[in-house]
Amino acid sequence: MSLPLTEEQRKKIEENRQKALARRAEKLLAEQHQNTVSGSSIASKPSQSKQGPSRHLHQDPSKSGSHGVVFKQQNPRSSSDGDQRPQNSHSFQLGTSEQAKGTWQRQEEMPAACPSHRPPNQVTLAGISPPLANSPPEVSSEQLWVYGVEQGQIQAPHKTKSTPFVNTTHEPLARAKNFQETAASSSGQPPKDPELEARMARPSTSGQNVSGSVMPRTEERLQQKSGTPLHKAAGSQQGTCIKIGDRFQVKIGYNEELIAVFKSLPSRRYDPATKTWNFSMTDYGALMKAAQHLQAVALQPLEGAEGHMESPSTSSSIAAQTCLPVAPSLAFVKGQCILISRARFEADISYSEDLIALFKQMDSRKYDVKTRKWNFLLEEYSKLMERVRCLPQVQLDPLPKTLTLAFAAQLQKTSLRPVADIPEADLSRVDSKLVSNLLPFQRVGVNFAIAKRGRLLLADDMGLGKTIQAICIAAYYRKEWPLLVVVPSSVRFTWEQAFRQWLPSLSPDHINVVVTGKDHPTAGLVNIVSFDLLSKLEKQLKPPFRVVIIDESHFLKNIKTARCRTAVPLLKVAKRVILLSGTPAMSRPAELYTQILAVRPTFFPQFHTFGLRYCGAKRLPWGWDYSGSSNLGELKLLLEETVMLRRLKGDVLCQLPAKQRKMVVVAPGRISARTRAALDAAAKEMTTKDST
């Protein structure tokens with residue numbers, strides 16, 4: 001089974017495809033240019049001899065009062081040896097030196113019998129279509145249609161003589177269209193004539209339609225000038241617009257020009273799951289106007305969306321010239337607020353001129369040059385969010401409700417202290433032997449747990465005495481016992497010895513270590529059970545315990561395991577929960593969720609909410625992926641403020657005692673011969689080193 005493509009792989013495939021299309025287009029253009037050069041060199045001599053002088057071709061078009069545009073379909077059988085041009089007429093020969101050779105057009109003499117013909121002010125363009133250029137020499141005479149735009153008059157068709165012509169390519173034809181559009185635009189907007197349009201659509205005697213080569217571009221340009229809607233081609237791509245809330249979605253096949261229009265809109269969004277684009281309703285008018293200028297695309301508009309269309313007076317002239325939508329003056333921006341310390345929060349959002357002006361009005365504003373983001377004191381959070389809501393094109397997501405509840409005091413009056421003040425707990429009810437052996441940082445841990453009402457995650461580094469702190473916290477709530485201690489199987493008896501050592505007032509008979517599944521888990525005042533036996537003895541754990549200690553709580557990282565399904569309900573109903581782990585999250589933030597849920601069930605009732613904020617959740621075709629991470633600094637601040645206490649050895653190194661050495665006596669009869677030999681060798685080696 002193949003893995004789904006990532007977003008980066010999809011972008012790379014799209015880039016390679018665009019490059020391949022560009023190379024193919026360049027290759028086709030080069031071949032057409034080569035064919036044009038070869039065809040021009042073959043027919044240069046006869047065309048030049050029949051073309052006549054062309055020195056008057058580049059006269060200033062501003063000197064003529066009005067112009068007429070003449071479209072001719074030439075007949076190879078006709079001769080033009082005796083043709084003469086009007087002396088004052090402007091004959092456009094197309095631009096380059098290759099076209100100056102006269103390989104693809106001829107200038108004819110207009111009959112003197114035409115009463116409406118005005119030679120002094122006429123501009124003549126002769127164009128042929130590629131299919132007609134490949135016709136055999138013996139072709140019947142063709143009908144010449146004249147589309148004259150002269151002082152608002154439409155000329156009637158005329159028959160003229162035409163000269164032989166040679167094969168042409170699409171390149172000179174495209175240039176002829178450009179000159180034709182220039183001449184048509186300089187003559188003003190002609191009135192629409194139904195009779196003339198019918199003549200233009202009439203097929204020629206050779207079975208070919210003149211409008212198929214040059215006329216469609218002229219008709220399109222005239223329709224654009226006159227403000228009439230453009231006619232889409234019969235094979236154009238059909239698409240629809242669907243409204244989804246305050247946005248609309250476009251469903252249509254792939255079109256390179258349309259994708260370019262999509263990318264020019266500021267509110268664009270691409271959904272990889274549905275492979276469609278969606279936009280804000282503010283860009284609806286710009287998109288529809290730009291789509292009208294794409295001949296290969298036909299978009300069906302939204303029903304009742306006329307109010308979102310831009311007025312023609314403001315955007316029609318720009319759209320007609322550039323064929324691109326007019327971007328709004330202020331782009332839509334979206335971001336979120338992130339907690340960066342106990343006292344400050346950060347606005348992670350794109351640039352917006354109005355938003356920056358609002359930021360500068362805050363008294364506690366600070367700009368971080370490294371991250372290029374603004375941050376503020378928590379006490380100005382409500383004030384900032386209230387003003388941001390007044391900006392229509394800005395969406396700044398607030399802090400999660402869990403954060404605002406945890407830092408409610410900071411939101412009212414911000415304290416610049418890095419750590420919250422922890423009151424000193426009264427430990428007079430705990431055995432004095434235990435209290436006197438607590439190191440200063442361990443006493444702080446006990447005070448923190450009591451301040452949190454006995455529900456915490458103690459995440460001190462290994463070797464810092466989490467066991468003695470947990471026993472002291474549990475002893476503070478001794479009136480609420482029986483106590484349940486869930487530990488790995490290998491340390492059950494270690495915990496038994498710790499209780500006997502630090503709580504002399506506790507009778508050894510009251511300590512119950514569950515060894516097998518037949519033992520009763522509620523027989524003693526202190527019950528020690530392993531994770532494996534916990535799931536087997538689930539039915540015997542009722543009534544529930546009010547005080548619970550979980551050693552190595554990262555064993556509960558997967559909610560789907562049997563041990564986790566058994567332990568989490570017990571922890572939710574317990575009044576005091578003490579979780580111990582030197583590594584609460586082994587690899588990703590998702591492993592913390594079950595431990596947070598056990599200590600504070602109301603923080604994140606749904607895992608999806610936690611995953612979106614701190615696990616970098618991504619929606620894939622098969623579901624949501626929560627294996628990532630995001631906003632880890634904020635998560636650390638939230639846990640330290642509410643449920644977690646973590647100290648490293650480097651933080652409390654000055655409070656640790658000197659290194660301690662202990663001797664463990666092992667009975668020789670209980671070890672094997674191989675182990676005994678290894679111990680003798682090690683003892684001999686140590687003795688030798690000491691003597692030297």
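The following questions and answers concern a helix, a sheet and a single residue of a predicted model. Residues are numbered from 1 along each chain as its sequence is written, and side-chain values use heavy atoms, without hydrogens and water. Local features need pLDDT of at least 70 and side-chain atom pairs pLDDT 80 or more, whereas totals for chains, interfaces and linings use all residues.

Me: Which residues of helix H11 are exposed?
Reply: H11 spans residues 381-388 (helices are DSSP runs of H or I, at least four residues; strands are runs of E, at least two; both are numbered from the N terminus). Tyr381, Leu384, Met385 and Val388 are buried (under 20% relative accessible area, 1.4 Å probe, protein chains only; exposed is over 50%, partly exposed in between). These buried residues lie on the same side of H11 because they cover an arc of only 95° around the axis, taken from the directions from the helix axis to the C-beta atoms. On the other side of H11, the exposed residues are Ser382 and Glu386.

Me: What is the bridge partner of Tyr270 in E10?
Reply: An open, mixed sheet has the strand order E9-E10-E8-E7-E11, where pairing requires at least two DSSP bridges between two strands. Its edge strands are E9 (269-271) and E11 (297-300). E9 pairs with E10 (residues 276-280) in the antiparallel sense over 3 bridges. In E10, the partner of Tyr270 is Trp277.

Me: Is Thr594 buried or exposed?
Reply: Thr594 belongs to helix H20 (residues 593-599). Beyond its neighbours within four places in sequence, Thr594 contacts Leu556, Lys557, Ile559 and Cys564 (heavy atoms within 4.5 Å). Because its relative accessibility is 5%, Thr594 counts as buried.
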